[in-house]
Amino acid sequence: MHKEPEPAWKPQPQPQAADKPSGVRMALIGLATCVIMAGAGVHFMGEGHGNTATPAAENNTQDHDNSANRMGIPLTLIASQKAAQTLAKSNYTDQEQADILAGIKRRDIRLVAMPVYDATGTGGTITLICGPWHQTVHLSPTPQTVILPITISGNVDIIPASDPGPAGIGSGAITVFGPQTLPIMYKGDTLPLTVIAQ
């Protein structure tokens, strides 16, 4: 009987080594993930910025503090030392002034100046709402400064106070960077803003 020798043992390649992705493959996976995430971000960001003026009925069902639907606007901060003097020249009642000053002392409220004007030449009247306070302004081409008491969130809503008609009401504001035209508002619209005090 002739016995054949057993074949020499050869190490088999490790299965995990074959399945391990290469550096190029990992880079491509990372790049694809970034592209998908960026696309999703643009999609969701676009929904919030497509129409900055939302109907009032729709706005009542939404959270007013939702910053994704608010347009940021940088305005000039009024120093707390000048708050009483500034409020004395405003249209706020004595009780409102006392409440606002108390909030400033507690550091719950800051005062900002918001010059508003008629940006489209159609005129109209708007109401600016900051928490429990509101100011009504008849728009003209010459800017009129409105003093706004804003809370930490800085939310301000603008609504038409007169019938905007088919042309709508086109207001503008003087920001720290210069004039900024705001979106045109129609009947039932609310323009939500976030004030950035500077």
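Leucine 182 is in contact with a set of residues distant in sequence in this predicted model. Beyond its neighbours within four places, leucine 182 meets Met71, Ile73, Met114 and Ile158. Its other partners are Ser171, Gly172, Ala173, Leu191 and Leu193. Leu182 also belongs to the largest nonpolar core, which has 24 residues. Leu182 is among the residues with the most contacts inside that core, together with Met114, Leu128, Leu148 and Ile158. Six elements are listed as giving two or more residues to this core: strand 2 (71-78), strand 3 (110-118), strand 4 (125-130), strand 6 (144-150), strand 7 (155-160) and strand 10 (189-197). Strand 10 supplies the largest share, four residues. A second core is separate and has 11 residues. Leu87, Ile100, Ile104 and Ile109 are included in this second core. In soluble globular proteins, nonpolar side chains tend to be buried together.

The chain as a whole contains five helices and 10 strands. It has 198 residues, of which 35% count as buried. Contacts between residues at least 6 apart in sequence were also considered. Of these, 71% join residues at least 24 apart.

Two charged residues with buried positions were examined. Arginine 70 sits in the loop between helix 3 (56-61) and strand 2. Its relative accessibility is 8%, so arginine 70 counts as buried, the cut-off being under 20%. The side chain of arginine 70 has a polar contact with the side chain of aspartate 157, at 3.1 Å. A polar atom of the arginine 70 side chain also lies 3.4 Å from the backbone oxygen of valine 156.

Aspartate 118 is placed in strand 3. With a relative accessible area of 10%, aspartate 118 is buried too, because this value is under 20%. The aspartate 118 side chain reaches two backbone nitrogens. That of glycine 123 is at 2.8 Å. That of threonine 122 lies 3.4 Å from a polar atom of the side chain. Leaving out residues up to four places away in sequence, aspartate 118 touches Gly123, Leu139, Ser140, Pro141 and Gly170. Aspartate 118 and alanine 173 are 55 residues apart along the chain. Their C-alpha atoms are separated by 8.9 Å. Alanine 173 is also one of the contacts of leucine 182.

The largest pocket holds about 220 Å³ of space. It is lined by 14 residues. Those closest to its centre are Lys89, Ser90, Thr145, Val146 and Ile147. Helix 4 (83-88), strand 5 (133-138) and strand 6 each give two or more residues to the lining. Strand 6 provides the largest share, four residues. Strand 6 also gives two or more residues to the largest nonpolar core. By class, the pocket lining has eight polar, four nonpolar and two charged residues.

Backbone geometry was notable at arginine 107. Most residues other than glycine have a negative phi. The phi of arginine 107 is positive, near 65°. This residue, arginine 107, lies in the loop between helix 5 (94-106) and strand 3. Its relative accessibility is 71%, so arginine 107 counts as exposed, the cut-off being over 50%. Arginine 70, by contrast, is buried at 8%.

How values were computed: Residues numbered from 1 in each chain as written. Predicted model: local features only at pLDDT ≥ 70, side-chain atom pairs only at ≥ 80, totals over all residues. Heavy atoms only, no water. Core = buried A, V, L, I, M, F, W, Y, C linked by side-chain atoms within 4.5 Å. Buried < 20%, exposed > 50% of the residue type's maximum accessible area, 1.4 Å probe, protein only. Contact = heavy atoms within 4.5 Å. 1 Å grid on protein atoms, 1.4 Å probe; cavity = no way out; pocket = protein on both sides within 12 Å on 5 of 7 lines; lining within 4 Å. Points joined across faces, edges and corners; volume = space filled by probe spheres on them. Nonpolar A, V, L, I, M, F, W, Y, C, P; charged D, E, K, R; others polar. Polar contact = N/O pair within 3.5 Å; in protein donor to acceptor, adjacent residues only side chain to side chain.
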